[in-house]
Amino acid sequence: MAVTDTETPIHRVLIVGAGFSGLGTALRLQQEGIDDIVILERASEIGGTWRDNTYPGAACDIPSNLYSFSFAQNPAWSRSYAGSNEIMEYIHWLADAYGLRRYIRFNQRVQGLSYDSEEGIWTATTEQGETVRARQAVMAQGPLSNPSYPNIPGLNDFQGRVVHSADWDHDYDFNGKRVAVIGTGASGVQIVPELAKQASKLRVFQRTPCWIMPRLDFRKPEWQKTLFNKVPSAQAAIRKGLFLAHESMATGIIWDTPVNNALERLARAHIRHQVKDRWLRRQVTPEFKLGCKRVLMSSDYYPALQQDNCELITWPIVAINENGIRTAEGIEHQFDCLVFATGFSVPKTGTPFPVYGENGRELGSEWEKGAQAYKSINVAGYPNLFMIFGPNSGPGHNSALVYIEAQIEYIVKSVTTLRSLGVKAMDVREDVQKRHNQHLQKRLARTTWNSGCNSWYLTEDGFNATMYPGFATQYARQMKQVRLEDYRLVSSTGQ
Amino acid sequence: MANIDLNEMLDKVRNSQWALADIDWDKPGADRISAEQWPKLKDFMSDLMWIEHVGARGFAALSKNAEDPTLKEIYAYFHAEEQRHANAEMALMRRWGMLDGDDLPQPNVNLRLTIEWLDRYSDDMPLEVLGSVIPMLEIALDGALLKFLLEEVDDPLCHEVFEKINADEARHLGVDFHVMEMLGKGRMHQRIIKTVGTVANPKLILGVLAYAPLLNRMRDNIVAMGLKEERLYEAMGKYERIGGRTDEGRRNPWFQIISRHGKMVVDRNHIYHKPVDALVKASNYIPTRLLGPVPTWVEKLTWRPTA
């Protein structure tokens, strides 16, 4: 509910989260001369999902030149696909080079955000007792921030070590251990090749296989780093080329087209080339259309599965007990350590903390059946609230940072527009938001994501609140302009 | 229609899981197998274990072909459960000193051919074929073989194990017949055209050439062990009765084909046996080494409760 407070200073912008999105927003606002910013970060360190994902083999599926901000390029990437350490170094560099740390208040877990219509002020309260007030609020907590555990009976009974990919235990020595990896998604396929080098016995528990494309990872030559340093436009050109190459993949990943069939054939050829055994090939070949779930990239996952110390187990998991995992073929698989590579619980309904808008309306209950927003960034009834990676802004084929950047630019434009117009609040119109979502859902119905598989993109009812059904170029184009006619503008006098 | 709610059935299956580790394999009673019984029982258990294992692979193919996600998951469980039965039967064989070290019992040549066929072609078979054949095998297993075994064997642990196996099989049969009736829905002419198309499929013809001699060899082995043929008649009768109790069930062309075939199999005087017995004999001359190593899914069988 609205909080009336006259003592707490009112800042220009409040940002929740100091990951890529939060820092990028602060950086761009700062470049536009807005530096009255507060960033609330729940951890004691910046980096968001890359701070949390430090498991062995953690890396990005998008080439580094594209998985970075266009307004803060790094000419020195060491590999075509950077690992999490190097991405973290980049994030630290962003914070240090642009002086962003001064905005951050660490160890502040937001427990609620509420809007005061009278004053046009957002108030955030934290579990640690801090209150921050600001004219604009940016929710940049990220969709990939809360580790997800599968619903397996007996999960807490296991007596050995339990490790989650998003909360890696770097003190645990996997050498010579009997290890289970549960989950074969994005983190699973990266962890398995690394653990296969250390564990005496590695069992990989798979429920559904994913389509995996070969990953053309290579060490970047020194001359390229020198070139990018001296001629930044060369790096920009490479980035553009990579962007366009990924854009072209949309035709095969988002929609069921001949390109989709060609990509599926390529993925099958990858399996045939790397997996000699017919039964294992059958086990690792997905039954759903390529693109319906996230397409993964790895050239060392299938070979790792075929190492002598490694085995893929596809029997349904029945329970976990003190010794290990029981599967439905009646065998108890015993381990020293269980590794959950089960990713994050991505909110498709509700909000990560209560968000109260105009007249006490609560966003979580409005999103109970599935989240909806206008251009993924604003929600009617919640003036001056912006979201990064809000509903329907997920890409299946291109760099998430391209979308994030478009959202950041939109926020910067909105904040500067509000200032220049002397307007207290901008609130997207309900009818505009409704029309926008009807159009989105119509387009989503024709995508591979809605082609019948169960994925984290969809709610239990099959509603897609996660992905953007189009090219990144289309998304960025719609974010280029803040259409004031789509908003209800409230002047300082309340009109 | 067999009124089965597949979601409820899936819950029931999930809640009825058991493991080899739940059983005390060293419990007293293993010595109740007589010296006279031992060699026949060894062959019987070996055949039984292989039937379960081959059935498991059949369910894997059904799981791949089922469009309904709940049915798909049920079949994935049934695949694992049949494997569990084979594992448990191997554990009983080990208890009775019938395993040679860690080695699997040797499959006969007809089993090897069937395993090869399942490995290569079963995933390409329409749901109608395996969805109608597997219930017949299961009813023979449940109605004849397991009952016979429990009458013959005194070891209390054997009864304990097969009580669990039977409870699983009862659920399998419930789903089997539900699906058979589902497959009888739709327009008759479309079903007939589809059936004719499938019958002419060379992969299915190869399957029949592997399956028919296997059934004859198994029937002869089992009868040689003392199983009364009436038991098999009864099982076939049960398949016909339950599978054909509704219009939908009777309209499933594959039910008609398989129930007629079942009747021929159990009638020793039927002319059907001339060519099939000849195939059994001919298969004796197939050098199994030409078939190469068994598929790796066979190597997943184990009598060990823990891994």
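Two residues are taken to be in contact when heavy atoms of theirs lie within 4.5 Å. By that yardstick, in this predicted model, 31 residues of chain B meet 19 residues of chain A. The size of an interface is often given as the accessible area lost when the parts come together. Here the area buried between chain B and chain A comes to about 2,100 Å², with carbon and sulfur atoms giving 53% of that figure. On the chain B side, Lys64(B), Lys300(B) and Ala307(B) stand out: together they supply 24% of the area that chain B buries against chain A, more than any other three residues.

Turning to helix packing, chain B offers a crossing of helix H8 (residues 202–224) with helix H12 (residues 273–283). Their axes are 9 Å apart and the angle is about 90 degrees. Since angles of 65 to 115 degrees count as roughly perpendicular, H8(B) and H12(B) are therefore described that way. From H8(B), the contact draws on Leu209(B), Ala212(B), Pro213(B), Asn216(B), Arg217(B) and Arg219(B). Helix H12(B) answers with His273(B), Val276(B), Asp277(B), Leu279(B), Val280(B) and Ser283(B). Sorted by class, the residues where H8(B) meets H12(B) come out as 6 nonpolar, 3 polar and 3 charged.

Chain A has a pair of helices with another arrangement. Helix H11 (residues 400–421) of chain A and helix H13 (residues 472–479) of chain A have axes that come within 9 Å and cross at roughly 5 degrees. Angles under 35 degrees count as roughly parallel, and H11(A) and H13(A) are therefore roughly parallel to each other. On H11(A), the residues involved are Val402(A), Tyr403(A), Ala406(A), Gln407(A), Tyr410(A) and Lys413(A); on H13(A), they are Ala472(A), Tyr475(A), Ala476(A) and Met479(A). The class count for H11(A) with H13(A) is 8 nonpolar, 1 polar and 1 charged.

A few individual residues of chain B are worth a closer look. His261(B) sits in helix H11 (residues 253–266) of chain B. With a relative accessible area of 13%, His261(B) is buried, because the cut-off for that label is under 20%. Once neighbours within four places in sequence are set aside, the contacts of His261(B) are Tyr211(B), Leu215(B) and Tyr272(B). With Tyr272(B) there is also a polar contact, side chain to side chain, at 2.7 Å.

Arg250(B) belongs to helix H10 (residues 247–251) of chain B and, at 37% relative accessibility, is partly exposed. The side chain of Arg250(B) gets to the backbone oxygen of Gly244(B) at 2.5 Å. Gly244(B) also appears in the contact list of Arg250(B), along with Gly243(B), Arg245(B), Phe255(B) and Gln256(B), again leaving out neighbours within four places in sequence. As for Leu214(B), 36 residues from Arg250(B) along the chain, the C-alpha atoms of the two are separated by 26 Å.

In chain A, Ile91(A) is part of helix H3 (residues 84–97). Ile91(A) is buried, its relative accessible area being 0%. Not counting residues up to four places away in sequence, Ile91(A) touches Phe20(A), Leu23(A), Ile46(A), Gly47(A) and Trp50(A). Between Ile91(A) and Ile388(A) there are 17 Å in space, C-alpha to C-alpha, while the two are 297 residues apart in sequence.

Ile238(A), in helix H6 (residues 232–253) of chain A, is partly exposed at 37% relative accessibility. Asn65(A) and Phe228(A) are what Ile238(A) touches, with residues up to four places away in sequence not counted. The link to Asn65(A) spans 173 residues along the chain, yet the C-alpha atoms of Ile238(A) and Asn65(A) are separated by 7.6 Å.

Finally, there is Val432(A), which lies in helix H12 (residues 430–444) of chain A. Val432(A) counts as buried at 6% relative accessibility. Tyr374(A) and Asp486(A) are in contact with Val432(A) when neighbours within four places in sequence are left aside. Thr49(A) is 383 residues from Val432(A) along the chain, and the C-alpha separation of the two is 33 Å.

Technical notes:
Residues are numbered from 1 along each chain as its sequence is written. Chains are lettered from A and ligands numbered from 1 in the order in which they are written. This is a predicted model: local features need pLDDT of at least 70, side-chain atom pairs count only at pLDDT 80 or more; totals for chains, interfaces and linings use all residues. Side-chain values use heavy atoms; hydrogens and water are left out. Axes are lines fitted to C-alpha atoms, for helices over the stretch in contact, and angles run from 0 to 180 degrees between N-to-C directions. Helices (H or I, at least four residues) and strands (E, at least two) are DSSP runs, numbered from the N terminus. Angles under 35 degrees count as roughly parallel, over 145 as roughly antiparallel, 65 to 115 as roughly perpendicular and the rest as oblique. Ala, Val, Leu, Ile, Met, Phe, Trp, Tyr, Cys and Pro count as nonpolar, Asp, Glu, Lys and Arg as charged, and the others, Gly among them, as polar. Buried means under 20% relative accessible area, exposed over 50%, partly exposed in between (1.4 Å probe, protein chains only). A polar contact is a pair of N or O atoms within 3.5 Å; within protein, one must be able to donate a hydrogen and the other to accept it, and residues adjacent in sequence count only if both atoms are side-chain atoms. Buried area is the accessible area (1.4 Å probe) that two parts lose on being put together, summed over both.
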